[in-house]
Structures are given as structure tokens and as C-alpha cells.
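User: Could you walk me through this model, one question at a time? I'd like the reasoning along with each answer.

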Amino acid sequence: MKLFTGLVLCSLVLGVHSRWFSFLGEAYEGAKDMWRAYSDMREANYKNSDKYFHARGNRDGAERGPGGVWAAKVISDAREMIPRVTDFFKHGDSGHGLEDSRADQAANEWGRSGKDPNHFRPPGLPDKY
């Protein structure tokens, strides 16, 4: 009886460990996808392309699984929150940049939901991206 209980307990612990390991791997790969989209956006330096890269990074990260979705959301939320805080100190509670931040978050959610980021692709953006 003790052997059976021990085996059940070990299998539960290993199963949970395996899921955590998988989640962390997905989160790591999702974070890499977000970084790749950010790097591409900086490299492209193309007018009106930021929403496309937001959607693409979130979509690529979310395709990794639950860990990727989590990483994409955390990174996107942090990325949008930091400018809001710094803008508050520069401009007070003027709402400076609030509309752009909301539009970025809409593009982030669009991508995380698995929708095509090309919806936000500006005309003339090189095919490389």
C-alpha cells in the first residue's frame, strides 16, 4: 500500500514538474519571439509599422502555448505601462500617449488571439518582415 501511494505521489509531482518545465520553456520561447519582433521593428524603422510588429510578436509568442501567451501579455503590459508612468511625470495626468497605448494594446490582443498581424501591416513594408 505504501509503495502504491508513493508511486502515485511521485507521478503527480513529476507530472506537475513536467507541466511547469513545459510552461517555462514556452514562456522563454515566447519572450524570444517578442524580442525578435521588437528587433525587427527597430531594424525596419518604418513609419506606422509598430502595430504590425506588436501583433506579430504577440501572435508568434502565443503560438508557443500557454507559457508563450503569458510571456507575451506580461511583456506587452509592461511595455505599455512604463511610458504611461514616465509620461505622468513629464506631462501630469494629461492622457498624453493614452490613445496610442490603447491602440498598441488592441494590436497586442489581436495577435495573442491568433489573428493575422498583416491586418496592421503598412503598405510598402519590406517583405523581409
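User: How much surface does the chain expose, and what share of it do carbon and sulfur atoms supply?
Analyst: Happy to start there, with the reminder that this is a predicted model. The exposed surface of the chain comes to about 8800 Å². Of that area, the share from carbon and sulfur atoms is 62%.

User: What part of the chain is buried?
Analyst: The chain has 129 residues. A residue counts as buried when its relative accessible area is under 20%. Buried residues make up 31% of the chain.

User: How confident is the prediction, and which helix has the highest confidence?
Analyst: The mean pLDDT of the chain is 86, with 75% of the residues at 70 or more. Among the parts of the chain, helix 1 has the lowest confidence, at a mean of 80. The highest value, 97, belongs to helix 2.

User: Which pattern does the secondary structure follow along the sequence?
Analyst: The chain contains 4 helices and 0 strands. Read in sequence order, the pattern is therefore made of helices alone, with no strand to place. Written out, it is α-α-α-α.

User: What share of the contacts with a separation of 6 or more comes from residues 24 or more positions apart?
Analyst: Contact here means heavy atoms within 4.5 Å. Counting the contacts in the chain with a separation of 6 or more, the share from residues 24 or more positions apart is 73%.

User: Is helix 2 largely enclosed or open, and how many of its residues are buried?
Analyst: Helix 2 covers residues 50–62, which makes 13 residues. The buried ones include Tyr52, Phe53, Arg56, Asn58 and Ala62. Helix 2 is largely enclosed by the rest of the structure, because the number of its residues that are buried is 12 of the 13.

User: What span should helix 2 have, and how far apart are its end C-alpha atoms?
Analyst: The expected span is 1.5 Å times one less than the number of residues. For the 13 residues of helix 2, that gives 18 Å. The model agrees, since the end C-alpha atoms of helix 2 are 18 Å apart.

User: Is Arg56 buried or exposed, and which residues is Arg56 in contact with?
Analyst: Arg56 is found in helix 2. With a relative accessible area of 8%, Arg56 falls under the 20% cut-off, so Arg56 is buried. Leaving aside neighbours within four places in sequence, its contacts are Arg36, Ala37, Asp40, Pro117 and Tyr129.

User: Which residues does Asn58 touch?
Analyst: Asn58 also has its place in helix 2, and at 0% relative accessibility Asn58 counts as buried. Gly30 is 28 residues away from Asn58 in sequence, while their C-alpha atoms are 8.1 Å apart in space. Not counting residues up to four places away in sequence, Asn58 touches Met34, Ala72, Lys73, Ser76, Asn108, Gly111 and Arg112.

User: How many aromatic pairs does the structure hold, and what is the angle between the planes of Phe23 and Trp70?
Analyst: A search of the whole structure finds 5 aromatic pairs. In one of them, the rings of Phe23 and Trp70 are 5.9 Å apart, centre to centre, and the pair is tilted. That pair links distant parts of the chain, with Phe23 in helix 1 and Trp70 in helix 3, 47 residues apart. The angle between the planes of Phe23 and Trp70 is 50°.

User: Why is the pair of Tyr52 and Phe53 edge-to-face, and which residue joins them in a cluster?
Analyst: The ring centres of Tyr52 and Phe53 are 5.0 Å apart. Their planes stand at 70°, over the cut-off of 60, so the pair is edge-to-face. Both Tyr52 and Phe53 are buried. Ring pairs link the two into a cluster with Tyr129.

User: Which charged residue lies over the face of Tyr52, and at what distance?
Analyst: A charge counts as sitting over a ring only within 6 Å of the ring centre. Elsewhere, the charged end of Lys115 sits over the ring of Trp110, 4.6 Å from its centre. Over the face of Tyr52 lies Arg121, at 5.0 Å from the ring centre.

User: What is the phi of Asn48?
Analyst: Asn48 is in the loop between helix 1 and helix 2, and at 57% relative accessibility Asn48 counts as exposed. Asn48 is not a glycine, yet its phi is positive, at about 60°.

Note on methods
Residues numbered from 1 in each chain as written. Predicted model: local features only at pLDDT ≥ 70, side-chain atom pairs only at ≥ 80, totals over all residues. Heavy atoms only, no water. Phe/Tyr/Trp six-rings, centres within 6.5 Å; stacked < 30°, edge-to-face > 60°. Helix = DSSP H or I, 4+ residues; strand = E, 2+ residues; numbered from the N terminus. Buried < 20%, exposed > 50% of the residue type's maximum accessible area, 1.4 Å probe, protein only. Lys NZ or Arg CZ within 6 Å of the ring centre and 35° of its normal. Areas by Shrake-Rupley, 256 points an atom, 1.4 Å probe, with all protein chains shown as cover. pLDDT = per-residue confidence, 0-100.
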